[in-house]
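Visitor: Please take me through the charged side chains of this model, with the cut-offs spelled out as we go.

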Amino acid sequence: MRIIISAGVKPFCIMVSAGDLAYLEEKLKRPITPLEYACFENLWSEHCSYRSTKAFLKTLPTTGENVLLGPGDDAAIVKYSDDIALAIGMESHNHPSYVDPFDGAATGVGGIVRDIISMGAKPIALMDLLYFGQITEEKNRYLLEHVVQGIGDYGNCIGVPVVRGEVTFDRGYSGNPLVNVVCVGIVDPDKYLTARVKKPGNRLVLYGAATGRDGLGGASFASRDLSEDAEAEDRPCVQVGDPYTEKLLIDATLEMTATGKIVACRDLGAAGLAGASSEMSSSYGARIEADCVHLRENGMNEVEIMLAESQERMLMEVAKDDIPALAVIMEKYSLQWRDIGEVIEEARYIVTFEGNMVCDLPIDLLVEGAPGEAWHAEPYSHERPYQAPGGDLKDLCLSVLSHPDVARKDWISRQYDHDVQLRTVSVAGGAGLLRLGDSALALSCGCSPRHIELKPYEGAANTVYENAANLACVGSNPLCVVNCLNFASPVHPEIYWQLGEAVRGMGDMAIAIGAPVVGGNVSLYNESDEFGTRILPTPSIGMAGKGPVIRYTLPADGATLAIAGTSAPALGGSVLDIVTGCGGEAPEMADPSILEKIRLFVQNGGFAADISAGGLIAALAECAPAATVSLAGDAISALFDESSGRFLIAYADKSLAEGLDAVEIGAVGGDGLIISVSGMTIRFTLQETEAALDALTSVMYAE
């Protein structure tokens with residue numbers, strides 16, 4: 001078949017390597033066309049094909065008794081009850097959020113929400129994990145302000161509550177902030193959609209917003225380092241979102257799903273229509289007529305039409321005779337739609353434009369044919385010997401409490417609507433709770449990048465553990481895990497080793513707690529030429545669990561305070577280490593056996609909080625700011641140790657703590673926090689504690 005190259009069409013970003021190009025031309029026995037080049041450039045990028053990580057990802061536990069659909073679709077489907085399943089997914093929008101923080105973050109929310117609705121599910125909750133350079137720098141404050149505004153504006157407009165989040169600050173994220181978003185939806189366990197076509201002869205219908213030139217080359221852009229000129233050069237790679245159209249998409253897709261006439265559905269995300277239509281059709285083949293796509297700009301060529309990542313667009317497989325009935329629903333919601341192609345028997349991906357064949361490829365070569373990349377791995381050791389920090393103990397405590405990683409994130413959370421949809425029970429503490437059926441859906445998210453930097457295997461394992469600990473503190477069991485593997489360039493031997501070890505640790509702990517890894521995203525090449533930085537290893541995770549409806553409430557006056565669990569003291573990578581440079585060993589891998597005991601303790605009326613960032617002083621300041629406490633041992637370890645496996649617990653009835661081997665340390669009550677340790681007593685007024693915990697809010701409001 002003769003293939004025509006449209007005049008004047010050039011690939012917009014030279015990313016296909018010489019080796020890949022030679023390999024492709026040898027496989028095809030001809031030169032590739034500009035559209036084919038652009039398709040391979042994006043679909044074979046790290047962002048879409050996981051070339052450097054797929055060998056690692058195959059080692060993760062992905063199945064379980066509640067997993068109805070695991071990795072490989074737009075989102076995973078996990079059974080929650082006999083009549084409710086969760087649709088859950090996680091995505092990153094890192095590079096776009098540096099170039100254009102408001103639109104980059106907003107479209108990150110829009111994209112992951114569409115992943116959920118493409119499964120026929122109603123989105124009910126969002127979580128965001130944000131990582132920025134030091135807050136003392138004006139540019140990082142600007143990025144934080146506009147990323148938060150983008151997430152809040154989009155989520156609030158579409159009516160999906162943000163119920164959890166995390167914010168971490170470190171110089172390594174300067175020039176390359178991370179914006180990771182989790183979305184959870186609900187669907188009938190027997191009626192969810194999938195994203196693979198089912199029958200040759202069915203039609204492919206594109207609906208939603210018109211296609212423009214925004215987001216061109218977004219997938220390939222996400223797979224390279226950010227240059228010094230990124231904000232100017234890469235602006236066309238960033239999409240612009242419209243939450244009002246997204247809300248119409250949500251409602252229309254759910255109504256169409258209820259008819260049973262949607263055969264398959266997929267969000268248009270990375271690599272635009274080319275990515276969605278080829279991946280969706282990989283179970284058979286597809287013929288696409290690029291001329292039929294509804295456009296908002298004149299003069300667009302086939303590369304722009306097929307690779308643009310314009311937002312708020314969906315693609316569905318529909319029997320031809322069912323199109324009129326679904327058209328009534330789409331038009332009811334003022335959504336444009338076009339019949340743009342068909343499912344074909346032959347396993348080829350064919351695109352025509354202006355009467356010419358501009359793409360004709362074996363579909364498996366395009367979608368699954370990217371060769372894997374195995375880089376050289378080289379272990380390292382970054383732990384430093386411990387040196388006891390000098391200075392006044394109270395001043396050290398206040399420095400840790402006011403560090404932006406520990407300080408309250410009220411400035412951020414106040415911009416999000418937590419209560420829309422009326423399911424939210426609580427967003428306080430370490431997990432968000434939503435009433436779902438006759439139980440509570442518990443959601444947690446987070447990561448410990450500095451610990452992972454020091455001990456990748458143990459740190460990543462503890463990241464999974466800490467989220468399970470957050471769920472245990474609200475009496476819930478974990479159901480599943482999703483992740484975003486954010487790392488620097490795997491070309492560096494130490495980074496590739498770090499990546500492999502982190503995935504290994506994540507998988508081992510997921511097995512230990514019985515929570516399969518059902519989906520996720522990989523974001524590599526997170527480095528900045530502008531700042532000369534590499535991000536810390538950040539395999540962030542989201543975790544969903546189920547338990548009783550228990551509103552998170554701080555312990556009342558008179559309650560006994562105790563520490564449950566033991567672990568070897570660890571200060572390396574702690575907030576104290578950031579503040580003082582004290583060094584020390586990073587935490588060892590936690591023993592998850594205590595989690596079930598904590599769950600039962602909380603279900604029976606006890607209070608528990610995981611001791612993590614900032615150590616015991618942070619847990620006390622947040623959970624018992626008015627209390628009298630006496631601690632044994634060295635003051636620094638007692639107050640600032642961040643080893644995993646310990647909980648601050650409180651109870652009125654000592655029998656609740658039986659079996660926890662808890663060590664009592666004091667009681668709640670008084671007009672401030674009084675701590676006796678190492679022969680000294682330090683006192684914090686409520687005003688001092690509040691001022692320290694409000695440090696981040698004070699900085700941002702001062703702007």
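**Charges, pairs and loops**

Visitor: How many salt bridges does the structure hold?

Guide: This is a predicted model, where local features need pLDDT of at least 70, side-chain atom pairs count only at pLDDT 80 or more, and totals for chains, interfaces and linings use all residues. Residues are numbered from 1 along each chain as its sequence is written, and side-chain values use heavy atoms, leaving out hydrogens and water. With a salt bridge taken as a side-chain nitrogen of Lys or Arg within 4 Å of a carboxyl oxygen of Asp or Glu, the count for the structure is 35.

Visitor: Let's take one pair, then: how many residues apart are Lys139 and Glu530?

Guide: Lys139 and Glu530 form a salt bridge, with 3.3 Å between the closest N and O atoms. Lys139 sits in helix H7 (residues 138–158), while Glu530 is in the loop between strand E19 (527–528) and strand E20 (533–534); helices (H or I, at least four residues) and strands (E, at least two) are DSSP runs numbered from the N terminus. The pair therefore links distant parts of the chain, and the separation in residues is 391.

Visitor: Is Glu304 buried or exposed?

Guide: Glu304 meets Arg213 in a salt bridge, 3.1 Å from N to O. Glu304 belongs to helix H12 (residues 302–307) and Arg213 to the loop between strand E7 (203–208) and helix H8 (218–221), so parts that are 91 residues apart in sequence are tied together. Buried means under 20% relative accessible area, exposed over 50% and partly exposed in between (1.4 Å probe, protein chains only). Arg213, at 26%, is partly exposed, whereas Glu304 has 15% relative accessibility and therefore counts as buried.

Visitor: Which residue meets Glu690 in a salt bridge?

Guide: Glu690 is part of helix H24 (residues 686–693), and its partner lies in the loop between H15 and H16, so the bridge ties together parts 282 residues apart in sequence. Glu690 is partly exposed at 31%, but the partner is buried at 17%. The N to O distance is 2.7 Å, and that partner is Arg408.

Visitor: Which residues join into one network through salt bridges that share partners?

Guide: One member, Glu246, lies in helix H10 (residues 243–259), and its relative accessible area of 0% makes it buried. Its C-alpha atom is 9.6 Å from that of Gly111, 135 residues apart along the chain. The network consists of Arg114, Glu246, Asp267 and Glu312.

Visitor: At what distance does the side chain of Asp405 reach the backbone nitrogen of Phe169?

Guide: Asp405 is in the loop between helix H15 (393–402) and helix H16 (410–413), and at 14% relative accessibility it counts as buried. Its side chain reaches the backbone nitrogen of Phe169 at 2.9 Å.

Visitor: How exposed is Asp438, as relative accessibility?

Guide: Asp438 lies in the loop between strand E15 (432–436) and strand E16 (439–446). On the surface, Asp83, Asp188, Asp190 and Asp438 gather in a patch of negative charge (residues with over 30% relative accessible area and no salt bridge, like charges joined within 9 Å). Asp438 counts as exposed, with a relative accessibility of 74%.

Visitor: And the backbone: what is phi of Ser678 near?

Guide: Ser678 is in the loop between strand E27 (672–677) and strand E28 (680–685), and is partly exposed at 39%. Phi of Ser678 is positive, although the residue is other than glycine, and is near 50°.

Methods
Patches are made of residues with over 30% relative accessible area and no salt bridge: like charges are joined within 9 Å, nonpolar side chains (Val, Leu, Ile, Met, Phe, Trp, Tyr) within 5 Å. Accessible areas come from the Shrake-Rupley method with a 1.4 Å probe; for residues, only the protein chains shown count as cover. Lys and Arg count as positive and Asp and Glu as negative; His and the chain ends are not counted. The place of a charge is taken as NZ of Lys, CZ of Arg, CG of Asp or CD of Glu. A polar contact is a pair of N or O atoms within 3.5 Å; within protein, one must be able to donate a hydrogen and the other to accept it, and residues adjacent in sequence count only if both atoms are side-chain atoms.
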